[in-house]
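Work through the exercises below with the sequence and the model open. Each task is followed by a solution in steps.

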Amino acid sequence: KKASKKATMSTESKDPSLVTGVHHVGLSVSSLPDSLKFFIEVLGYSKAGEVKEYPAVFVSNGNSFVTLWQAEKDATKFDRKKNVGLHHLALSVASLDDLKKLFAKATKFPGVKVHREPEALKGTNATHFFIFEPSGCRIEFVHWPSA
């Protein structure tokens, strides 16, 4: 009889992580101008640079850095249940009041679709909501109060 080899997964690393944080997230977008406008006008980011031949634009709010890449015209929208890749981008919001203000502002922006209205994040004391920005990228906004 052969011994079965079951994979076991460790829940803790034996070595300290050499990763210090997330440097940036790159999003492929169907409309670079619309997504750029959303990040600037709704989220308060600033343009930090661009590479026209890609084309790509870099935006930052001083705390997070996002690259917006123009997808090809016939690109397929991402389906989180059928594709491997970035499920969603989650961004922190400082207060519950700011979360509510951001929801109101984002939902008025052309092309934004609400995926989930502000609600308690199950099993936590956090509140969050999800939207699809104008190019269809799924973004979660979360306020996690300090203890």
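**Exercise 1: the largest pocket**

The lining of the largest pocket is made up of nine nonpolar, ten polar and seven charged residues. The model is a predicted one.

Task: state the volume of the largest pocket, find which lining residues are closest to its centre, and name the element that gives the largest share of the lining.

Solution.
1. The volume of the largest pocket comes to about 580 Å³.
2. Its lining counts 26 residues, and Ser28, Lys77, Phe78, Gly136 and Cys137 are the closest to the centre.
3. Strand S1, residues 25-29, supplies the largest share of this lining, with four residues.

**Exercise 2: the second largest pocket**

Task: describe the second largest pocket by volume, by lining residues and by residue class, and say which elements give two or more residues to its lining.

Solution.
1. A volume of about 330 Å³ is found for the second largest pocket.
2. There are 15 lining residues, and those nearest the centre are Leu43, Asn61, Ser92, Val93 and Leu102.
3. Two or more residues of the lining come from each of strand S5 (89-92) and helix H2 (96-107).
4. H2 gives the largest share, four residues.
5. Sorted by class, the lining holds eight nonpolar, four polar and three charged residues.

**Exercise 3: a hairpin**

Task: determine in which sense S2 and S3 pair, and find the bridge partner of Glu50 in S3.

Solution.
1. S2 covers residues 46-51 and S3 covers residues 56-60; the two pair in the antiparallel sense, over five bridges.
2. The link from S2 to S3 is a hairpin of four residues.
3. Glu50 has Val57 as its bridge partner in S3.

**Exercise 4: the four-stranded sheet**

Task: give the strand order of the open sheet, explain why one side of S5 and of S6 is left without a neighbour in the sheet, and place H2 relative to the strands.

Solution.
1. The order in the open sheet of four strands is S5-S8-S7-S6, with mixed pairing.
2. S5 and S6 (113-120) are at the edges and have a single partner strand each, so one side of each lacks a neighbour in the sheet.
3. From one strand to the next, the twist averages 15°.
4. S6 and S7 (residues 127-132) pair over five bridges in the antiparallel sense.
5. The bridge partner of Ala120 in S7 is Thr127.
6. H2 lies across S6, S7 and S8 (138-143), and runs at about 15° to S7.

How values were computed: Residues are numbered from 1 along each chain as its sequence is written. This is a predicted model: local features need pLDDT of at least 70, side-chain atom pairs count only at pLDDT 80 or more; totals for chains, interfaces and linings use all residues. Side-chain values use heavy atoms; hydrogens and water are left out. Two strands pair if DSSP finds at least two bridges between them. On a 1 Å grid over the protein atoms alone, a cavity is a set of points where a 1.4 Å probe fits but cannot get out, and a pocket is an open set with protein on both sides within 12 Å along at least five of seven lines; lining residues have an atom within 4 Å of a point. Grid points are joined across faces, edges and corners, and a volume is the space filled by probe spheres set on the points. Ala, Val, Leu, Ile, Met, Phe, Trp, Tyr, Cys and Pro count as nonpolar, Asp, Glu, Lys and Arg as charged, and the others, Gly among them, as polar. Axes are lines fitted to C-alpha atoms, for helices over the stretch in contact, and angles run from 0 to 180 degrees between N-to-C directions. Contact means heavy atoms within 4.5 Å.
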